[in-house]
Amino acid sequence: MHFSHLTLENGLNIVAEMNPSVHSVAIAFYVKTGSRDESTEVSGVSHFLEHMVFKGTPRLTAWDVNRTFDDLGAKYNASTSEEMTLYYGAVLPEYLPAFFETLSDIIFPSLRDDDFTMEKNVILEEIGMYDDMPSFKAYDLAMRHHFGNHPLSQSVLGSTDSIKTLTVEQMRAYHAQNYHTGNITLVVAGNFSWETLVDLARKHCAHWPGGTPRRMPTPFHPQGGKWFLTQPETLQQHMMFMSPAPPISESPLDFAAEILSVIVGDDTGSRLFWDLVDPGYAESADLGYHEYDDCGSYMLYFCCEPTAVQQNLAR
């Protein structure tokens, strides 16, 4: 394996790991923007924008985008978190130029009015889907109260009200503020030529606007406490506990924190699994380490029969 790094003249960072022994190549554009970077008025816009990227560009229709990816046999997707929006895919090495061209193109979508109006209904349905999931509602509740006034308390999906009132003009302004080379990193790994990658980046990304990240560190002081969400129709009780953990930046403990979470709370081989899940005391149990720019958190979760909660807490 060989690692390379380059910053284009317009500020786009490129990080690559070349491995000629593998049979595919994976490409990802990491955009440093997520729910923590949103104002209350546009809550949920990062995730909504992730959907809109696949609706077409000035050069491509939505049909063109999806047909191209499918014709190339690409495995592709996107995701949004509190701090990042990610667009990625993997193809056979010979299809890298065609895939790169389309993936880089959709980072700057058309954001047409009709597409926005139609996709808004999809987002509202997605919010409703997650509202039917007790574990997700518990996660949102835990994040909201643990982080309090910190921007990380903001929901990735937004709310029904915020999505209904969001306008396409607000989304366009948010895209212009955040989708620039100061906020985007191109990461490529697999079987490819570094020279080919640099040529592709210069050809398809050199015209992207430059900029500097807007995110500023925010002091975080957890308050602690207990909060309960009652849903009588559910058959299991979902418990979440959050506590501070090392941040991802400027901390020598982030790798140690990750290892600790795997030992204690990995899905299938951890202390929690063997003590709670394998004996049948709980349906699931895990400990996750979530690292953010200026703070971090441990999240302990388990779900079980309501009558077994106290025994599991004591174990």
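Contact, as the word is used here for a helix lying across strands, means heavy atoms within 4.5 Å. The model is a predicted one, and in it helix 8 (residues 194-205) lies across strand 1, strand 2 (13-18), strand 3 (25-31) and strand 6 (184-190), running at about 155° to strand 2.

The sheet to which these strands belong is open and is formed by six strands in the order 1-2-6-3-5-4, with mixed pairing. Strand 1 (2-7) and strand 4 (75-80) stand at its edges, and because each has a single partner strand, one side of each is left without a neighbour in the sheet. From one strand to the next the twist averages 10°. At the strand 4 edge, six bridges join strand 4 to strand 5 (residues 85-91), and the two run antiparallel; Tyr-76, for instance, has Gly-89 of strand 5 as its bridge partner.

The packing of side chains can be followed next. The largest nonpolar core has 52 residues, of which Ile-27, Phe-29, Tyr-87, Phe-100, Met-171, Leu-186 and Leu-197 touch the most other members. Helix 8 contributes the largest share of this core, with six residues. Ile-27 offers a view of the surroundings: leaving aside neighbours within four places in sequence, Ile-27 is in contact with residues including Tyr-87, Tyr-88, Gly-89 and Val-91, with Leu-96, Phe-99, Phe-100 and Leu-103, and with Leu-186, Val-187 and Val-188.

A backbone detail is found at Leu-111, in the loop between helix 3 (96-106) and helix 4 (113-131). Leu-111 has a positive phi of about 55° although it is not a glycine, and at 5% relative accessibility this residue counts as buried, the cut-off for that word being under 20%.

A further open sheet is formed by three strands in the order 7-9-8, and here the pairing is antiparallel. Strand 7 (237-245) and strand 8 (284-291) stand at the edges, each with a single partner strand, so one side of each is left without a neighbour in the sheet. Direction ignored, neighbouring strands of this sheet are turned by 15° against each other on average. Nine bridges join strand 7 to strand 9 (residues 296-304), which run antiparallel, and one pair of bridge partners is Met-242 with Met-299 in strand 9. Helix 5 (residues 134-147) lies across strand 7 and strand 9, running at about 35° to strand 7, while helix 9 (residues 254-265) packs on the sheet by touching strand 8 and strand 9, its direction making about 175° with that of strand 8.

A second, separate core of 16 residues includes Ala-245, Ala-257, Tyr-289 and Cys-304. Cys-304 is buried, with a relative accessible area of 1%, and is among the residues touched by Asn-312, together with Leu-276, Tyr-281, Ala-282 and Phe-302, when residues up to four places away in sequence are not counted. Asn-312 itself is placed in helix 11 (residues 309-314) and is buried, with a relative accessible area of 4%; the side chain of Asn-312 makes a polar contact with that of Arg-315, at 2.7 Å.

The cysteines remain to be considered. With a disulfide taken as a pair of cysteine sulfur atoms within 2.5 Å, the count comes to zero disulfides. Cys-304 is accordingly in no disulfide, the nearest cysteine sulfur being that of Cys-303, 7.1 Å away. Cys-205 is likewise a buried residue, with a relative accessible area of 0%.

Key:
Residues numbered from 1 in each chain as written. Predicted model: local features only at pLDDT ≥ 70, side-chain atom pairs only at ≥ 80, totals over all residues. Heavy atoms only, no water. Buried < 20%, exposed > 50% of the residue type's maximum accessible area, 1.4 Å probe, protein only. Pairing = 2+ DSSP bridges. Helix = DSSP H or I, 4+ residues; strand = E, 2+ residues; numbered from the N terminus. Axes fitted to C-alpha atoms, helices over the stretch in contact; angles between N-to-C directions. Core = buried A, V, L, I, M, F, W, Y, C linked by side-chain atoms within 4.5 Å. Polar contact = N/O pair within 3.5 Å; in protein donor to acceptor, adjacent residues only side chain to side chain.
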